[in-house]
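Trainee: I should like to take a close look at the salt bridges of this protein, and then at the parts that help to place them in the whole. Please explain each term as you use it.

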Amino acid sequence: MKLKIKTAALLLSAIAILTACNNKNEDNSELPAIETQATETQAIQAKTATIKHTLADDYSLTAENFPLIDGSTSTIPLVGGLKAMLFGVPQLEAENTVSHTKTHTAFQNLLDGKCDVIFTVPLSKEQEQEARERGIEIEMLPVAVEGFVFVVNKENPVTALSQEQLRGIYSGEITNWGELGGNDAPIIAYQRNLDSGSQNHMLEFMGVVPLSDPILELVRTGMDSLMDSIAVYDNAVDSIGYSVYSYAGQMYSEVMNVKFIEVDGVPISLDTLADKSYPLLSVTYMMYRKDTPADSPVLRLAEFVQSEEGTAAIRGAGYVPYN
């Protein structure tokens, strides 16, 4: 049994090398050269010749042909869950093999052919326009139901807001928590950078209501830094920010000093996502180019994602399957 677990871990390590897109950024700057990757893959395949039969075998997916995957930070556990189910290893072990470059860069990598698949939030209008201008059609397979959430410090007495009140905060119309039944203190409204997936959600949420220009110091380039600002930084109790539930719910709610705002009286949970009672719903997609060959491993991965086992993997990773 120990040998099987060890060989499965080695197989996942090879996939981690293959699934990181080949672009120059801090996430993959330490990847070995192509020649080294090929040598390691061959060695691992030799060592895993006796590994037990897995779902990956049923879909003809191997360490060598596994699609190159990129995506939003919020989808790392999702891709980890799919790998865990395919290769028969624990969720955390599979998740540790996933490296994503964030929403905007991942989409650029897909257009540039630097990766085969991305798992991401809905595209912005600017991203859709860029794909059209480059003559690239994108296949968008819905994978999981997502929730757009607003987050405050646990010490903030405000627990519920309406959509109208939230738009009032972020349009600059409401500036003090006292107007919302909270402390008499200025509202510190954090935003995300323009090319983030969370900002795509925010712009869609605001609709025709103008989003106020943020103070530069209140713009966060990562979901982790935004959550940290609300949890532990100075004046955190008076702060508010936004994220997606799949990320914030798994990474922070149990260990950090934050809580989710009830929207229109409905709390966010897997149950309210599943029954669609939570009002701010979205979708996480598996995206790939429509000109992908029919015999490509990408299509076999898409088939798995839509299967009964794939649905179970999505649910097991803490998401609500779209199907």
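Mentor: The answer begins with the whole protein, turns to the salt bridges, and ends with some other places in the chain.

Two remarks on the source come before the details. This is a predicted model, in which local features need pLDDT of at least 70 and side-chain atom pairs count only at pLDDT 80 or more, while totals for chains, interfaces and linings use all residues. Residues are numbered from 1 along each chain as its sequence is written, and side-chain values use heavy atoms, with hydrogens and water left out.

The protein has 323 residues, of which 53% are buried. Here buried means under 20% relative accessible area, exposed means over 50%, and partly exposed lies in between, with a 1.4 Å probe and protein chains only. The secondary structure consists of 14 helices and 12 strands; these are DSSP runs numbered from the N terminus, where a helix (H or I) has at least four residues and a strand (E) at least two. About 15100 Å² of the protein is exposed, and carbon and sulfur atoms supply 51% of this area. Such areas come from the Shrake-Rupley method with a 1.4 Å probe, and for residues only the protein chains shown count as cover. Among the contacts with a separation of 6 or more, 75% are between residues 24 or more positions apart; a contact means heavy atoms within 4.5 Å.

Now to the part requested. The structure holds three salt bridges, each being a side-chain nitrogen of Lys or Arg within 4 Å of a carboxyl oxygen of Asp or Glu. One of them joins the side chains of Asp112 and Arg134, with 2.9 Å from N to O. This pair links distant parts of the chain, 22 residues apart: Asp112 is in the loop between helix H6 (103-111) and strand E2 (117-120), and Arg134 is in the loop between helix H7 (125-133) and strand E3 (138-153). Asp112 counts as partly exposed because its relative accessibility is 39%. Arg134 is partly exposed because its relative accessible area is 39%.

Arg134 also forms a salt bridge with Glu130, and here the closest N and O atoms are 3.7 Å apart. Glu130 is partly exposed because its relative accessible area is 23%.

The side chains of Asp291 and Arg289 meet in another salt bridge, at 3.3 Å from N to O. Asp291 counts as exposed because its relative accessibility is 54%, whereas Arg289, at 22%, counts as partly exposed. Salt bridges with shared partners join Asp112, Glu130 and Arg134 into one network.

Helix H7 also contains Gln127. This residue counts as buried because its relative accessibility is 6%. Gln127 is in contact with Thr103, His104, Phe107 and Asn200, leaving aside its neighbours within four places in sequence.

Other charged side chains form a surface patch. Asp57, Asp58, Glu308 and Glu309 gather there as a patch of negative charge. Helix H3 (55-58) and helix H14 (308-316) are the elements that give two or more residues to this patch. In a patch, residues have over 30% relative accessible area and no salt bridge; like charges are joined within 9 Å, and nonpolar side chains (Val, Leu, Ile, Met, Phe, Trp, Tyr) within 5 Å. Lys and Arg count as positive and Asp and Glu as negative, while His and the chain ends are not counted. The place of a charge is taken as NZ of Lys, CZ of Arg, CG of Asp or CD of Glu. Within the patch, Asp57 belongs to helix H3 and is partly exposed because its relative accessibility is 41%.

The loop between H3 and strand E1 (69-71) contains Ser60. Ser60 is not a glycine, yet its phi is positive, near 55°. Most residues other than glycine have a negative phi. Ser60 is partly exposed because its relative accessible area is 41%.

Lys276 likewise has a positive phi, about 60°, although it is not a glycine. Lys276 lies in the loop between H12 and E11 and counts as exposed because its relative accessibility is 52%. Leu280 lies in the loop between helix H12 (270-274) and strand E11 (281-289), but Leu280 counts as buried because its relative accessibility is 9%. Not counting residues up to four places away in sequence, Leu280 touches Glu146, Gly147, Phe148, Phe150, Gln163, Phe205 and Val263.
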